[in-house]
Amino acid sequence: MRNTASMTTSTTKPNLRPTRAFTLAEVMIGATIGSFILLGVLTTFLMLGRSGANIIAYTTMDAQTRKGFEEFAQDVRMASDCVWNSATSLTLTVPNNYTSTSNQVTYAWDNTSGSATYRYFYRVPGSSATGTPKTTYIANVTSFTFYGYDRLNASTTTNAAIKRVQINLTVTTSNKTVVSATDTTLSASFVLRNKVST
């Protein structure tokens, strides 16, 4: 008996169905949704950056104001006399503190530059606000007023009657990328403990 080998070949039909792709409408919808998500992320990032800049501005203003008020309060409480130069300048006599200028020191607001960037609250030894050296405490002060009160809490600018002093000021910092930060502060009422008032 003769054995013959037979070979079988099979052919598979290729898949003739087209590969599924995105349509133009799907691509446009996806791009639009992606744009909105990206816009939201960028907006959030910018808002956080601006908020951070404002927080830094307010923190700096608060720290400067606190330091200036503390220095002023220390001299006022030790002062034995007070001279009201104007609503923006006050000269104190502080025994044993400013011996080279007859124990006098002047606190004032400089607003001569005309630009809010350079206005500041400062201290200078002596009886004149134009003396040197100036110690700057608070920068960017856009408005400033000293208030004087007598021992009965009545408002006064009479040198002999002043027993308490208070400061009202506004500090404004500006930045090119964020809205200006403004802080208005009314200080505590500082008592001239060593001054005899009438």
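A salt bridge is a side-chain nitrogen of Lys or Arg within 4 Å of a carboxyl oxygen of Asp or Glu. In this predicted model, Glu71, Asp75 and Arg123 are linked in a network of such salt bridges. The idea behind the pairing is a simple one: side chains of opposite charge can pair when their charged atoms come close. Before turning to that network, it helps to meet the chain as a whole.

The chain holds one helix and nine strands. Followed along the sequence, these elements come in the order α-β-β-β-β-β-β-β-β-β, with the helix leading and the strands coming after it. Of the 198 residues in the chain, 32% are buried. The surface that the chain exposes amounts to about 13100 Å², and 57% of this area is supplied by carbon and sulfur atoms. Contacts between residues at least 6 apart in sequence offer another view of the fold: 46% of them join residues at least 24 apart.

The helix, α1, covers residues 24–78. With its 55 residues, α1 reaches 81 Å from its first C-alpha to its last, which is close to the 81 Å expected at 1.5 Å a residue. Which residues of α1 are buried? They are Ala57, Met61, Thr65, Gly68, Phe69, Phe72, Ala73, Asp75 and Val76. One of these, Asp75, returns below as a member of the salt-bridge network.

How many salt bridges does a search of the whole structure find? The search finds three. One of them joins the side chains of Asp62 and Arg66, with 2.7 Å from N to O. Both residues belong to helix α1, and because they are four residues apart there, about one helical turn separates them. Asp62 is partly exposed, at 38% relative accessibility, and Arg66 is also partly exposed, with a relative accessible area of 45%.

The network is built around Arg123, whose side chain meets that of Glu71 in a salt bridge of 3.6 Å, N to O. This pair links distant parts of the chain, with Arg123 in strand β4 (residues 120–125) and Glu71 in helix α1, 52 residues apart. The side chain of Arg123 also meets that of Asp75 in a salt bridge, at 4.0 Å from N to O. Because Arg123 lies in strand β4 and Asp75 in helix α1, this second pair ties together parts that are 48 residues apart in sequence.

Are the members of the network buried, or partly exposed? Residues count as buried under 20% relative accessible area. Arg123, with a relative accessible area of 17%, is therefore buried, and so is Asp75, at 3%. Glu71, at 25% relative accessibility, counts as partly exposed.

Attention now moves to the strands, and to β7 (residues 164–173) in particular. Why can β7 be called largely enclosed by the rest of the structure? The reason is that nine of its 10 residues are buried. Strand β7 also has several pairing partners. Strand β6 (residues 141–149) is joined to β7 by eight bridges, and the two run antiparallel. Within this pairing, Phe144 stands opposite Leu169 of β7. Strand β8 (residues 181–186) is likewise antiparallel to β7, with six bridges between them. Here the bridge partner of Thr173 is Ala181 in β8. Strand β9 (residues 190–191) pairs with β7 too, in the antiparallel sense, over two bridges. In that case Arg164 stands opposite Val191 of β9.

Between β7 and β8 runs a loop, and Ser180 is found in it. Ser180 is partly exposed, with a relative accessible area of 38%. What is Ser180 in contact with, leaving aside its neighbours within four places in sequence? Its contacts are Thr172, Thr173 and Ser174. One of these, Thr173, is the residue whose bridge partner in β8 is Ala181. Ser180 also illustrates how sequence and space can tell separate stories: Ser180 and Ala57 are 123 residues apart in sequence, while their C-alpha atoms are 9.0 Å apart in space. Ala57 was met earlier, among the buried residues of α1.

How values were computed. Residues are numbered from 1 along each chain as its sequence is written. This is a predicted model: local features need pLDDT of at least 70, side-chain atom pairs count only at pLDDT 80 or more; totals for chains, interfaces and linings use all residues. Side-chain values use heavy atoms; hydrogens and water are left out. Buried means under 20% relative accessible area, exposed over 50%, partly exposed in between (1.4 Å probe, protein chains only). Two strands pair if DSSP finds at least two bridges between them. Contact means heavy atoms within 4.5 Å. Accessible areas come from the Shrake-Rupley method with a 1.4 Å probe; for residues, only the protein chains shown count as cover. The expected span of a helix is 1.5 Å times one less than its number of residues.
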